[in-house]
Amino acid sequence: MAHDIQCWKCGNPLAALALPFGRLERCGKCGAALHCCRLGGEFDPRRPQECNEPTVEEVRDKERANFCGHYRPVAGAFKGGDVLAAGSAARAELDKLFGK
């Protein structure tokens, strides 16, 4: 069954891979783990433990493969390099403003 999920790290389309992704499945382009929090539907960096599921056991490294039973991959996990560049630029401006 086709899907529009992309790698959370590089944006590589993953439609050729069958769902659900296995725990050790990796992106064919960048090698990123796919059964990880960053590609999961419950991942939310604004929440405690960066997860919307309150009963989940904490996973410290959100980019590594894990055994989370709440995992389900979602489209839209890839944020692109522009978001990261904008964050770095904002941090540089703050550091300049506050003399770091």
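**Figure 1. F98 and its nonpolar neighbours in the predicted model.** F98 is exposed, its relative accessible area being 62%. In this predicted model, F98 sits in the segment after α1. Together with L94 and L97, F98 makes up a nonpolar surface patch. The accessible area of these three residues together is about 360 Å².

**Figure 2. The protein chain as a whole.** The chain contains one helix and zero strands. Along the principal axes, its C-alpha atoms fill a box of roughly 50 × 30 × 20 Å. The chain has 100 residues, of which 28% count as buried. About 7,000 Å² of the chain is exposed, and carbon and sulfur atoms account for 53% of that area. When contacts between residues at least 6 apart in sequence are considered, 48% of them join residues at least 24 apart.

**Figure 3. The surroundings of K62.** K62 belongs to the segment before α1, a helix that covers residues 80-97. The residue is buried and has no salt bridge. E50 carries the nearest side chain of opposite charge, 4.3 Å away from K62. A salt bridge requires a nitrogen and a carboxyl oxygen within 4 Å, so the separation of 4.3 Å between K62 and E50 does not qualify. The K62 side chain does reach a backbone oxygen, that of V59, at 2.4 Å. Leaving aside residues up to four places away in sequence, K62 touches C36, C37, R38, F43, Q49 and E50.

**Figure 4. The salt bridge between E42 and R72.** Side chains of opposite charge can pair when their charged atoms come close. The model has four salt bridges, and one of them joins E42 to R72, with 3.9 Å between the closest N and O atoms. Both E42 and R72 lie in the segment before α1, and the pair ties together parts that are 30 residues apart in sequence. E42 is partly exposed, at 23% relative accessibility. R72 also counts as partly exposed, at 42%.

**Figure 5. The salt bridge between R46 and D44.** The closest N and O atoms of R46 and D44 are 2.9 Å apart, and the two residues form a salt bridge. Which partner is buried and which is exposed? D44 is buried, with a relative accessibility of 9%, whereas R46 is exposed, with a relative accessible area of 74%.

**Figure 6. A salt bridge within helix α1.** K96 and E93 form a salt bridge in which the closest N and O atoms are 3.5 Å apart. The two residues are three apart in helix α1, and therefore about one helical turn separates them. K96 is exposed, with 60% relative accessible area. E93 is partly exposed, with 48%.

**Figure 7. C30 and its contacts.** C30 is placed in the segment before α1. It is partly exposed, having a relative accessible area of 35%. Not counting residues up to four places away in sequence, C30 touches C7, K9 and C10. The C-alpha atom of C30 is separated by 28 Å from that of A92, and the two residues are 62 apart along the chain.

Methods
Residues are numbered from 1 along each chain as its sequence is written. This is a predicted model: local features need pLDDT of at least 70, side-chain atom pairs count only at pLDDT 80 or more; totals for chains, interfaces and linings use all residues. Side-chain values use heavy atoms; hydrogens and water are left out. Helices (H or I, at least four residues) and strands (E, at least two) are DSSP runs, numbered from the N terminus. Buried means under 20% relative accessible area, exposed over 50%, partly exposed in between (1.4 Å probe, protein chains only). Lys and Arg count as positive and Asp and Glu as negative; His and the chain ends are not counted. A polar contact is a pair of N or O atoms within 3.5 Å; within protein, one must be able to donate a hydrogen and the other to accept it, and residues adjacent in sequence count only if both atoms are side-chain atoms. Contact means heavy atoms within 4.5 Å. Patches are made of residues with over 30% relative accessible area and no salt bridge: like charges are joined within 9 Å, nonpolar side chains (Val, Leu, Ile, Met, Phe, Trp, Tyr) within 5 Å. Accessible areas come from the Shrake-Rupley method with a 1.4 Å probe; for residues, only the protein chains shown count as cover.
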